[in-house]
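Got the viewer open? Load the model, get the selection panel ready and follow along.

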Number of protein chains: 2
Amino acid sequence: MHVHHQGEGLTKNQSLVLDTLMREGGPLSAYGILDRLRDKGLRAPLQVYRALEKLVTHGKVHRLESLNAFVACSHPGCDNQEAVIFTICSDCGKVDEITDAGLGVQLQAVAHRADFKLAKSTVELRGHCNHCS
Amino acid sequence: MHVHHQGEGLTKNQSLVLDTLMREGGPLSAYGILDRLRDKGLRAPLQVYRALEKLVTHGKVHRLESLNAFVACSHPGCDNQEAVIFTICSDCGKVDEITDAGLGVQLQAVAHRADFKLAKSTVELRGHCNHCS
DNA sequence: GCTCTCAATGTTATGTTATTACATTATTGT
DNA sequence: ACAATAATGTAATAACATAACATTGAGAGC
């Protein structure tokens, strides 16, 4: 089940990295991605980090700050930069992406009250998933 | 203005690290803390990381995931693990800690809707502070 | 006081994540 | 074709974090 993204304006390395993350179905570190792409000719971390940078900018991939890892956006043709929430199970490591418009509004309100011009929000919830609790 | 925390049940290294963060008044990396404590006899990263681990557990210090840095909790005798929000200015680097009970409630609600047992939430807002915008 | 136990500390080495610097190749617009 | 820009390749290094093991210190029970 190989997917190709060149038609969506992605370069070769960006496409390889996005494919890898989509196939993985969960978070991967940059070096984990690199390992999976050695046989596609990638050799250096920077090749992965550069691709990730673009993919994150375009909203196709999210960075999980508390894991130092990356995950494909779960919204099919995702191109928005809205408030995204991640749940991260401390037991099994499963990560789920949630969108909640209400929370986005509330974060804006909190920021406004603090005289802060909000550009991007990071929300990562630690706990136990349905299956592990 | 040296402060000592042994009376609060902190060990020597924990006290040194907390003092350093409080005097700094902003985030510091573990290695930044180490640099400031070389002349107090600290030599290895682990001495700092071990102290930080305890301080974070006790709620005296927060970890800023998106900065790989640590900051003293801004609540004087802080001992709670409630929902904390950080604003991080992308221009000047200033970090402010906010508490907002409403957001805590909403995060619990979001987690509950996702069948997720919330243990700890990380909320870090990027944007521009009052002074920089 | 003695000694057992456990927490904290010290030290070295290593593992993991991310960036700097610079040369080369591909793509796009005119 | 040509210039300008974006992407790529490569090596080296910086920044962040932990593993493994030896030692020291502080409190509990005798």
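The tour takes in the two DNA strands, then the place where the protein chains meet. Keep in mind that this is a predicted model.

**Stop 1: DNA strand D.** Select the 19 residues around strand D; the ones that come nearest are Thr11(A), Asn13(A), Ala44(A), Ser29(B) and Asn68(B). Now colour by element: helices H1 (12-24) and H3 (45-57) of chain A each give two or more residues to this surface, as do H2 (30-36) and H3 (45-57) of chain B. Which helix has the largest share here? That's H3(A), with five residues. Switch to colouring by class and you get nine nonpolar, seven polar and three charged residues.

**Stop 2: DNA strand C.** Swing over to strand C, which has 19 residues around it, with Ser29(A), Asn68(A), Thr11(B), Asn13(B) and Ala44(B) nearest. Here H2 (30-36) and H3 come from chain A, while H1 (12-24) and H3 come from chain B, each with two or more residues. H3(B) makes the largest contribution, five residues. By class, look for nine nonpolar, seven polar and three charged.

**Stop 3: where A meets B.** Hide the DNA and select the contact: 32 residues from chain A and 32 from chain B. On the chain A side, S3 (84-89), S4 (95-99), H4 (101-113) and S5 (117-128) each supply at least two residues. S5(A) has the largest share of that side, 12 residues. That side of chain A holds 13 nonpolar, 11 polar and eight charged residues.

**Last stop: the S5 pair.** Show S5(A) with S5 (residues 117-128) of chain B: the two run antiparallel, joined by 11 bridges. Finish by centring on Val123(A), which stands opposite Val123(B).

How values were computed
Residues numbered from 1 in each chain as written. Chains lettered and ligands numbered in written order. Predicted model: local features only at pLDDT ≥ 70, side-chain atom pairs only at ≥ 80, totals over all residues. Near = placed C-beta within 6 Å. Helix = DSSP H or I, 4+ residues; strand = E, 2+ residues; numbered from the N terminus. Nonpolar A, V, L, I, M, F, W, Y, C, P; charged D, E, K, R; others polar. Contact = placed C-beta atoms within 7 Å. Pairing = 2+ DSSP bridges.
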